[in-house]
Amino acid sequence: MAAMLANLVRPIKIKTPDSDFGRRKLSPTPSRTSIRCLASGKSGERSYTLTLLPGDGIGPEVVAVAKDVLSLTASLEGIKFHFKEMPMGGSALDAAGVPLPDETLDTAKGSDAVLLGAIGGFVLFIKYKWDKNEKHLKPETGLLQLRAGLGVYANLRPAVVLPQLVHASTLKKEVAEGVDLMVVRELTGGIYFGKPRGFGTNDNNEDIGFNTELYSASEIDRIARVAFEVARKRNGKLCSVDKANVLEASMLWRKRVTMLASEYPDVELSHMYVDNAAMQLIRDPKQFDTIVTNNIFGDILSDEASMLTGSIGMLPSASIGESGPGLFEPIHGSAPDIAGQDKANPLATVLSAAMLLKYGLGEESAAQRIEAAVIETLNRGFRTGDIFSSGTVLSESTFLLKLLTVYYKEILKSSRRGF
C-alpha cells in the first residue's frame, strides 16, 4: 500500500504554458491510481459518491466553489457525482450538539472520497464561540474523530513556491524561489491521541493538565514506509524530524526510522531535531525535499512550510490510510474574519478537489485540467487579497470560479485537439 500512496507526490507536468506545479520530471504514471480500494474496483463505471463537509467560517464558501468545479468536471468529462453534504465542526455542534454526528461519519466512511472545508470560528472576532465547551464538544475534536474514524494515518502536505507567487512569500526571492518540499505527518497517534491524558492535582494540590506522547513501533514503521516511498519518487532525500535528545518517544522514532533505512538504499536519510528544523525551514528551505515527523511536530512544521509559499490559501492536502476513502482538505483555517464577504481564496480547496480526483478516484486527466485552470488563472494575474500584489488584479472568490470555468473549457478543447 505504501508504494501506491507514494503516487501522491509524483509531480504532474500539465501541458499548457507555464503550468508546472513541480520542477521534477515525470516517471510513467499508472492510468488509474486510487486510495479507496472499493472505488478502483468499479469496472468501467465512472459514478462516485462524494461526502462534502463544508464546516465553519469560509469553509462553506470554498467548498461551494470546489463543488461547482467538480460539477463542471462531471459534465465535461463524462463523470457522475453524487454529493452528500453533511455537518461537521461548529455547524454540527449548533445543529446536532456534537462536532461529528454519527450520521456524518457513517456517510463519510461509505463514500468514495471526502472533501472538507474548515472548522472552528469566532464571534465578533474576539471570543471563540465554542471555547467554553468541554473538550469533547469542541470543533477540533470532531476533526480528530473523523481522522480516526476513517483510519487516515498519513497526511501529505506539499509546499511549492510557484513562479507566479514567489513575490508573495515573506522570504527573500533568492530564498523562496524553487522551494518544493513535502511534509509527511503521522496523523492518528502521538500526543493528540495518547493516554493517559486529562486534569488532576499534584503533591502541592495545584491543578495540572497532562498528555502522553505515545508511539508504537508499528505506527512509526507504517508512516516511515510512506515517507521513504514518497522520497523515492521525488529526489531521494528524506529528513526525519524528532526530539530524540529529550523525548523517549522520539528515541524510538529515530531508532525505527533508521532501521527501515536499510530497505531503501536509494534514499538518503538524515535526522534533525525539531527546533533546528523549524529554524532551517526559514533559513534554507531548499535543503529539504521530503520531511517525515510525528503528529504534533508535523502540525507545526507543515503550517510553517506552507507560509514559505506566501499564503496557506493556495495549498491542498491529502490524508490517507490503508483502505477506505481519503480525506482531502485545504490546509488553511476557517478565517471567520472574512467569512461571508466573498474574499476567501478558494484555490486550495479547488486543488484539494483535484487531488481527490487524481488520487481518490483515479480521474487523472480531469484533475490535471483543474490544476492547469488554476495555473492559467494565476498566469493571467488574477488574485484574491491574500496573494494580491502590485500589477495583479484583485478578484473575488466567485469571480475566480468564473475564470476557472472558462479556462477549464479552453484547456479541455486544447487537450482534445492535442497540445
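1. In this predicted model, strand β1, residues 47–55, runs parallel to β2, and six bridges join the two. One bridge pair is Thr51 with Lys84 of β2.

2. The two strands belong to an open sheet of ten strands with mixed pairing. The strand order is β2-β1-β3-β14-β13-β6-β7-β12-β10-β11. The edges are β2 (80–85) and β11 (268–273), each of which pairs on one side only. On average, neighbouring strands are turned by 25 degrees against each other, with direction ignored.

3. Two helices that pack on this sheet may be taken together. Helix α6 (residues 139–150) touches β1, β3 (113–118), β6 (152–160), β7 (180–186) and β14 (326–330). The direction of α6 makes about 150 degrees with that of β14. Helix α10 (residues 274–283) is in contact with β7, β10 (237–242), β11 and β12 (290–293). For α10 the angle is about 105 degrees, taken against the direction of β11.

4. Strand β7 deserves its own point. Is β7 buried or exposed, and why? Seven of its seven residues are buried, so β7 is largely enclosed by the rest of the structure. The cut-off behind this statement is a relative accessible area under 20%. Asp180, Met182, Val184 and Glu186 point one way from the strand, while Leu181, Val183 and Arg185 point the other way. The buried set therefore includes Asp180, Glu186 and Arg185 alongside residues such as Val184 and Leu181.

5. The pairing of β7 is of a different sense on its two sides. With β6 the pairing is antiparallel, over seven bridges, and Arg157 stands opposite Val183. With β12 the pairing is parallel, over four bridges, and there Val184 stands opposite Val292.

6. Nonpolar side chains tend to be buried together in soluble globular proteins. In this model the largest nonpolar core has 47 residues. Leu50, Phe81, Met314, Leu357 and Leu378 have the most contacts inside that core. At least two core residues each come from β1, α3 (59–77), β3, α12 (347–360), α13 (364–379) and α14 (397–417). The element that gives the most is α12, with nine residues.

7. Leu50 can be followed in more detail. Leaving aside residues up to four places away in sequence, Leu50 touches Leu70, Phe81, His82, Phe83, Lys84, Ala113, Leu356 and Leu361. Phe81, one of these partners, is also listed with Leu50 among the residues with the most contacts inside the core.

8. A second core, separate from the one above, has 23 residues. Ala154, Val184, Ala227 and Val230 are among them. Val184 is also the β7 residue that stands opposite Val292 in β12.

9. Which elements give two or more residues to the lining of the largest pocket? They are β3, α6, α11 (295–306) and β14. The largest share, five residues, comes from α6, the helix that also touches β3 and β14. The pocket has a volume of about 610 Å³ and is lined by 25 residues. Closest to its centre are Ile119, Glu140, Leu143, Arg147 and Asp299.

10. Thr201 lies in strand β8, residues 198–201. Its relative accessible area is 48%, so Thr201 counts as partly exposed; the exposed class begins over 50%. Apart from residues up to four places away in sequence, Thr201 touches Glu206, Asp207 and Ile208.

Technical notes
Residues numbered from 1 in each chain as written. Predicted model: local features only at pLDDT ≥ 70, side-chain atom pairs only at ≥ 80, totals over all residues. Heavy atoms only, no water. Pairing = 2+ DSSP bridges. Axes fitted to C-alpha atoms, helices over the stretch in contact; angles between N-to-C directions. Contact = heavy atoms within 4.5 Å. Core = buried A, V, L, I, M, F, W, Y, C linked by side-chain atoms within 4.5 Å. Buried < 20%, exposed > 50% of the residue type's maximum accessible area, 1.4 Å probe, protein only. 1 Å grid on protein atoms, 1.4 Å probe; cavity = no way out; pocket = protein on both sides within 12 Å on 5 of 7 lines; lining within 4 Å. Points joined across faces, edges and corners; volume = space filled by probe spheres on them.
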